[in-house]
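User: I would appreciate a close look at a single part of this structure, namely one place where two helices pack together, and then at the surroundings of that place. Please give one connected account.

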Amino acid sequence: MNVLRRIVDRFPLGDEDDDEDQADATQRTAREDDRYRPPSPRSGREGEARPGGTDPLTLQIYSTCPQSKDVPADRYAAAVAETARWSEAAGCTGMLVYTDNSIADPWLVAQTVLTATERLAPLVAVQPAYMHPYTAASMVSSLAYLHGRAVHLNMVAGGFGNDLLSLNEATEHDDRYRRVVEYTQILLGLLRGETVTHEGRWHQVRNLRLAPALPPHLMPKVLISGSSPAGRAAAAEIGAVPIRYPEPLDQDVPDAAPGGGVRVGIIAREDAAEAWRVAEERFPGDRAGQVAHAMAMRTSDSHWHQQLARASGAAGLATPSGSGDAADSGEPDPYWLGPFKNYQTFCPYLVGSYDRVGAAVSHYVDQGTRVFVLDIPPSAEELEHTGTVLSRVGARA
């Protein structure tokens, strides 16, 4: 295991090992502060290495936690712990924990992640419709108090249409992002130890303080969808990392935020044909899934899903037999939307040889991407293969 960790000197992917004792906490915090920081509205290209390559390129890699609906109840806690340990051993910064009406509470799942690992940060999806910002802040500070560990936050503005309707949530798309801004400003103010008074459109609090207090070095990193103009504006206002789905490789992204991130799956092997065999075995064609996908797209106002639906309509269900050759490689285009169109996952995949997929990842890095949120890993071995891809990206940097 540990391929991702072995390339950290050339191509650091996350936080350092936390083997130091508590007396070294200040020094450890300083090291973390030198790593990735979300771009502020005024900072421009703050996250990028200096000209001339004097600094190593710094990325943050998150895996994703299995969902309770996909694992039997008597196996779910063990599956979460196992995936968390794989992710930590691989050198990931953290692990995304989903939230919606059909799966286990992400805060309780995050507790399982923390107890199974030593440094991995749960990236908890936070939906304002589910809880008050004080409650979310209290969850972060309480987990820090109990475990001495950071919890990162993925702020969610939307969700599945039926989930929102069942909660009497009829707020329009752009207004949901404005509400997330209010929500996050209160939440982060509390975590910074401020006495918060806020008279907003959605939230009103007066002289509100948080206890137990959150140690400053455990302040969460904050991510948010940046696929829509409203999402990108919200990210800039709250200092969050904007996350988007990566576009096909032949498309430029002039409005991609420097230091932002992408949500993507990776299946790579030394031989491209073997990678595609694994991909098609893991995500076989599914007519029922295609029907479910089409129905979901009709009711969704998610810019993420609409963007991918347009791309999948243009590309079809591309596999090696249906893809054009990539320039100078002799391989099929690695950008694959089959799992998305079959309603098996909600992100594109990059499939092919280590070198070809590494070149695709480098393409997104060249566009300013500094955070990669990977799909749910099926095994520790698959994270090894991803580590091999990223090591070749590092060699190009």
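Analyst: The part chosen here is a helix pair, in which W107, Q111, L114 and T115 of α4 meet A136, M139, V140, L143 and H147 of α5. By class, the residues of this contact comprise 6 nonpolar, 3 polar and no charged. It should be said at the outset that the model is predicted.

The geometry of the pair may be described next. Helix α4 spans residues 106-116 and helix α5 spans residues 133-147; their axes come within 11 Å and cross at roughly 20°. Angles under 35 degrees count as roughly parallel, and α4 and α5 are therefore roughly parallel to each other. Their crossing is right-handed.

One residue of this contact leads further into the protein. W107, which belongs to the α4 side of the contact, is also one of the residues that touch the most other members of the largest nonpolar core, a set of 38 residues. The others in that group are V126, M155, L187, L191 and I224. Both helices of the pair, α4 and α5, are among the elements that give two or more residues to this core, together with the strands β3 (121-126), β4 (152-155), β6 (204-208) and β7 (222-225) and the helices α7 (173-191) and α8 (229-238). The largest share, 9 residues, comes from α7. In soluble globular proteins, nonpolar side chains tend to be buried together.

I224 illustrates how a member of this core is surrounded. With neighbours within four places in sequence left aside, I224 is in contact with N154, M155, Y177, V180, G231, A234, A235, I238, A240, V241, P242 and I243. Of these partners, M155 is itself named among the residues that touch the most other core members. A second, separate core has 37 residues, and C65, L249, V262 and V357 are included in it.

Elsewhere in the chain, A359 lies in helix α13, which covers residues 354-366. Partly exposed is the class between 20% and 50% relative accessible area, and A359 counts as partly exposed because its relative accessibility is 25%. The C-alpha atom of A359 is separated by 6.9 Å from that of V393, although the two residues are 34 residues apart along the chain.

The whole chain provides the wider setting. The protein chain has 14 helices and 12 strands, and 55% of its 397 residues count as buried. Among contacts with a separation of 6 or more, 73% are accounted for by residues 24 or more positions apart.

Definitions and conventions
Residues numbered from 1 in each chain as written. Predicted model: local features only at pLDDT ≥ 70, side-chain atom pairs only at ≥ 80, totals over all residues. Heavy atoms only, no water. Axes fitted to C-alpha atoms, helices over the stretch in contact; angles between N-to-C directions. Helix = DSSP H or I, 4+ residues; strand = E, 2+ residues; numbered from the N terminus. Parallel < 35°, antiparallel > 145°, perpendicular 65-115°, else oblique. Left-handed = near helix turned anticlockwise from the far one by under 90°. Contact = heavy atoms within 4.5 Å. Nonpolar A, V, L, I, M, F, W, Y, C, P; charged D, E, K, R; others polar. Core = buried A, V, L, I, M, F, W, Y, C linked by side-chain atoms within 4.5 Å. Buried < 20%, exposed > 50% of the residue type's maximum accessible area, 1.4 Å probe, protein only.
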